[in-house]
Amino acid sequence: MIGVYRALAVQQIQIMLQYRVATFLYALFSFVRPIIFLAAWLSVAASQGGRLGSFQRSDLAAYYALSILVTHLTTSFDFFEFEWEVRQGRLSPKLLRPLHPLHYAIVNNVLWKVVTAAMVIPVAVLVALTFGARFHVGPIDIVLGTVSVVLGAALSFVFGWVVASAAFWTTRVQALVHFYQRTAFIFAGQIAPLALLPGPLSAIAYALPFGYMLGVPTDILRGAHDVTTSLLLIAAQAVWLLVAAVLYRIVWNAGLREYSAVGA
Amino acid sequence: MTELVVDVHDLTKVYRVHERSEGLSATLRSVVRRSFREITAVSGISFGVEAGEVVGFLGPNGAGKTTTLKMLSGLLYPTSGEARVIGHVPWRREDGFLRGIALLMGNRTQLVWDIAAADSLRVLQEIYGLPEERYRSTLRELTELLDLGPLLGKPVRNLSLGERMKVEFAAGLIHSPRVAFLDEPTLGLDVSMQSRIRGFVAEHNRRSGTTILLTSHYMDDIVALCKRVIVIHHGHLLYDGPLGELAQRMAPYKVITVTLHDGAGSAFLDELGTVVSREQGVVVLRVPRESVAERTARIVRDLEGSLADISVEDPAIEDVIDRVFAGAAVPPRS
């Protein structure tokens, strides 16, 4: 399998080099939105004496600087490509090979994140320095935060594929994707850190999977939780990942029965 | 008995299609109550293919050929029926099955558009786990047969249709499948390229013994490659047998071509059969098979000195197929 991943990685790098500009433009999404929200919340905090709930200016800066990186690492974009593959019949050649289509996406996903991280990391550092971010991070937070980011990325990836699999039934996956992304926008920790969401919304956010893709790993990574809380949140991520994997297996197998390879 | 590498029993595929009448009211009604229509693409077909055979799959557009190939390659689940290909149920898509088959579609690419074909082939080498020596020897053979040398280094998007098809063949056969399903492999190619692809398929089958199930709208492909054909129409299997017997089974007539000396009258030929054409002293007649001997004798006897030449043949395979698909002939079920 290592050989397969290496060959797919070489192929993917060649494609990315063909479309250099597009590759880096997509990476812009990782940091444009967090910077806008940081600026907005800082001005709100300024009007309230420099604090917003339990967050000081430096905490907000730390959260959004890290969320630039975490958004980049945990983002999922496979639904768009998958819908196109199903509609154009491009999925068929992949289904005919002894390699699950998921593997192509894993390589694509990881490689894009690694390559464009070179652009995103300096921006995150710049934002942290510019807005005076303050981290309360020990080695254990970095270890747990890293585990949480990996789980968040896996969760986002697998849930992305569950949504993408709707392409087996409908040719208008975009509508579902928009619904999914708008919901994530509210509950993942993009619009505000999970702790700053108004009471019921915060509770809902911790009950849904979206927060475990962004807000939770970001908070663990910036040292916002004690070790016990972090471990509990990581356990919740693992449970959601298991749920997503089971859901994906069910949806994928049912979807293959529906696949009519239209036009393929 | 030779091993059956493709074994199909009562295979059926029914598509459920959303249906809506025209007009705004029908559109609004369909929002709350959707109506569906069932379309039977393949209806209870059964056949077997032995190892090493090249079988032509004939039928007009919408006959069910491609749907059948997709079911046999594991892309589609059938509505009912059974099939085994190299010992596997195709739609379970088991590893051993996927390593042993290939499906090539003339109108679809399996190659990555933006990179050189050679790079796509390397990825396939890893996916199929082909040892370097085996990969190189297969690629060498395919390069020789398809003249791929100058093409492998070019991005696929820069290849002409014919060149791309050659590279598609290389990608489809690099893992030396036991069974290859070829769906319109010469579609859109010029005559010369069609001929080269045909030559390649025949030679590859001869060298490697790959079993081939081929669909094509070009009868030249079928005649050149297939000793056996399966005819399918409206999802039903109409004929399964030797190509040479197709005309006998499906066309109840023969064609008598009569060439007359200059100025000779031919009106009396109208009584002996259906005149298909009459040009510059050459009259082509369609005559029922059972009357051919008697009518031929009458022509020779009655035309005497006016007759320059006469020949009796089975109708052209294209004509037979056309008549079957147009509903003019209702052949017996095999």
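**Sheets of chain B and its interface with chain A**

In the hairpin formed by strand 11 and strand 12 of chain B, where two residues lie between the strands, B:Q280 adopts a positive phi near 40°; helices (H or I, at least four residues) and strands (E, at least two) are DSSP runs, numbered from the N terminus. The model is predicted, and local features therefore need pLDDT of at least 70 and side-chain atom pairs count only at pLDDT 80 or more, whereas totals for chains, interfaces and linings use all residues. Side-chain values use heavy atoms, with hydrogens and water left out, residues are numbered from 1 along each chain as its sequence is written, and chains are lettered from A and ligands numbered from 1 in the order in which they are written.

The two strands of this hairpin run antiparallel and are joined by five bridges, with B:S277 having B:V284 of strand 12 as its bridge partner. They belong to an open sheet of four strands in chain B, in the order 11-12-10-13 and with antiparallel pairing, two strands being taken as paired if DSSP finds at least two bridges between them. Its edges are strand 11 (274-279) and strand 13 (307-313) of chain B, each of which pairs on one side only. Neighbouring strands are turned by 15° against each other on average, direction ignored. Strand 10 (residues 253-260) of chain B pairs with strand 13 of chain B over six bridges in the antiparallel sense, and B:I256 stands opposite B:V312 of strand 13. Helix 10 (residues 292-303) of chain B lies across strand 10, strand 12 (282-288) and strand 13 of chain B, and runs at about 175° to strand 13; axes are lines fitted to C-alpha atoms, for helices over the stretch in contact, and angles run from 0 to 180 degrees between N-to-C directions.

A further open sheet of chain B contains six strands in the order 5-6-7-3-8-9, with mixed pairing. Strand 5 (101-105) and strand 9 (236-242) of chain B are the edge strands, each pairing on one side only. Strand 5 of chain B runs parallel to strand 6 (residues 179-183) of chain B, to which five bridges join it, and B:L103 has B:F181 of strand 6 as its bridge partner. Helix 9 (residues 243-250) of chain B packs on this sheet, where it touches strand 3 (54-58), strand 8 (228-233) and strand 9 of chain B, its direction making about 125° with that of strand 9.

Between chain A and chain B about 2,600 Å² is buried, 57% of it on carbon and sulfur atoms; buried area is the accessible area (1.4 Å probe) that two parts lose on being put together, summed over both. In chain A, the residues that lose the most area to chain B are A:L96, A:R97 and A:P98, together 26% of what that side buries. The contact (heavy atoms within 4.5 Å) takes 27 residues from chain A and 28 residues from chain B. Across this interface the rule finds zero salt bridges, a salt bridge being a side-chain nitrogen of Lys or Arg within 4 Å of a carboxyl oxygen of Asp or Glu. On the side of chain A that touches chain B, helix 1 (2-18), helix 5 (91-95) and helix 11 (227-258) of chain A each supply at least two residues, and helix 1 gives the most, with nine residues.

Over all chains the count comes to 21 salt bridges. One of them joins B:E132 and B:R122, with the closest N and O atoms 3.0 Å apart.
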